[in-house]
Amino acid sequence: MSATLVVGVLWSAWHLPPFLTDWGGGPHVAWSVPVEFVATALLFRALMTWVFNKSGESMPPVMLLRCGVNDYFSIAWSDLFPSLSRTDVTHAFLLASLAGALIVLVATRGRLGLRQQPGHTDVHPLVSAR
């Protein structure tokens, strides 16, 4: 889980500079837009980690998931939902990522599909086993 957060923060930071350009709404973009992007990126990263772990640590399914999201935002959303604004679609992706991440986190008890290592207990090191 900690690796997911670290990679999610780095992945978010990597994608923030476009918010300073016309393409990303800058330079006068509202502060909430990049904050929502970072939140979505962190939540979606949890789903990508789950796919990676459940696929036997295979990158092609993760890449297909990521490309699917890119293609949807680049091409499909405006044709599929012509009455929705880009903001509406972005909010929908944030909510979908939140729902998916919560389901995966609860279902895997925070392990995101990672297999338990032999000899490793499920007890958190800061919590004493009673």
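Reader: Where does leucine 84 lie?
Author: Leucine 84 sits in the loop between α3 (59-80) and α4 (86-107). Keep in mind that this is a predicted model.

Reader: Is leucine 84 buried, exposed or partly exposed, and what's the number?
Author: Leucine 84 counts as partly exposed, because its relative accessible area is 35%, and partly exposed covers what falls between under 20% for buried and over 50% for exposed.

Reader: Ok, and which residues make the nonpolar surface patch?
Author: Leu80, Phe81 and Leu84 make that patch, and its area is about 270 Å².

Reader: Let me zoom out. How many helices and strands are in the chain?
Author: The chain has 4 helices and 0 strands. Going from the N terminus, the elements read α-α-α-α.

Reader: And what share of the chain is buried?
Author: Buried residues account for 25% of the 130 residues in the chain.

Reader: On to packing. What do people quote for two packed helices?
Author: Two packed helices are described by the angle between their axes and by the distance between the axes.

Reader: Fine, what are those for α2 and α3?
Author: Helix α2, residues 32-54, packs with α3 at an angle of about 150°, and their axes are 8 Å apart.

Reader: Why are α2 and α3 called roughly antiparallel?
Author: The angle is about 150°, and angles over 145 degrees count as roughly antiparallel, so α2 and α3 are roughly antiparallel to each other.

Reader: Left-handed or right-handed, when α2 passes α3?
Author: Right-handed: that is how α2 crosses α3.

Reader: What about α1 with α2, what angle and axis distance?
Author: Helix α1, residues 2-15, packs with α2 at about 135°, with the axes 9 Å apart. The two are therefore oblique to each other. The crossing of α1 and α2 is right-handed.

Reader: How do α2 and α4 cross?
Author: The axes of α2 and α4 come within 8 Å and cross at roughly 40°. That makes α2 oblique to α4. As for handedness, α2 passes α4 in a left-handed crossing.

Reader: Switching to single residues: where does serine 97 lie?
Author: Serine 97 is in helix α4.

Reader: Buried or exposed, that serine 97?
Author: Serine 97 is buried, because its relative accessible area is 1% and the cut-off for buried is under 20%.

Reader: How far is serine 97 from alanine 41, C-alpha to C-alpha?
Author: Their C-alpha atoms are separated by 8.4 Å, and serine 97 and alanine 41 are 56 residues apart along the chain.

Reader: Now backbone oddities. What's the phi of glutamate 57?
Author: Glutamate 57 has a positive phi of about 60°, although it is not a glycine. Glutamate 57 belongs to the loop between α2 and α3.

Reader: And what's phi for arginine 109?
Author: Phi of arginine 109 is near 55°, which is a positive value in a residue other than glycine.

Reader: Where's arginine 109 placed?
Author: Arginine 109 is in the segment after α4.

Reader: Last one: is arginine 109 buried or exposed?
Author: Arginine 109 counts as exposed, because its relative accessibility is 66% and exposed means over 50%.

Note on methods. Residues numbered from 1 in each chain as written. Predicted model: local features only at pLDDT ≥ 70, side-chain atom pairs only at ≥ 80, totals over all residues. Heavy atoms only, no water. Patch = residues over 30% accessible without salt bridge, like charges linked within 9 Å, V, L, I, M, F, W, Y side chains within 5 Å. Areas by Shrake-Rupley, 256 points an atom, 1.4 Å probe, with all protein chains shown as cover. Salt bridge = Lys/Arg side-chain N within 4 Å of Asp/Glu carboxyl O. Buried < 20%, exposed > 50% of the residue type's maximum accessible area, 1.4 Å probe, protein only. Axes fitted to C-alpha atoms, helices over the stretch in contact; angles between N-to-C directions. Parallel < 35°, antiparallel > 145°, perpendicular 65-115°, else oblique. Left-handed = near helix turned anticlockwise from the far one by under 90°.
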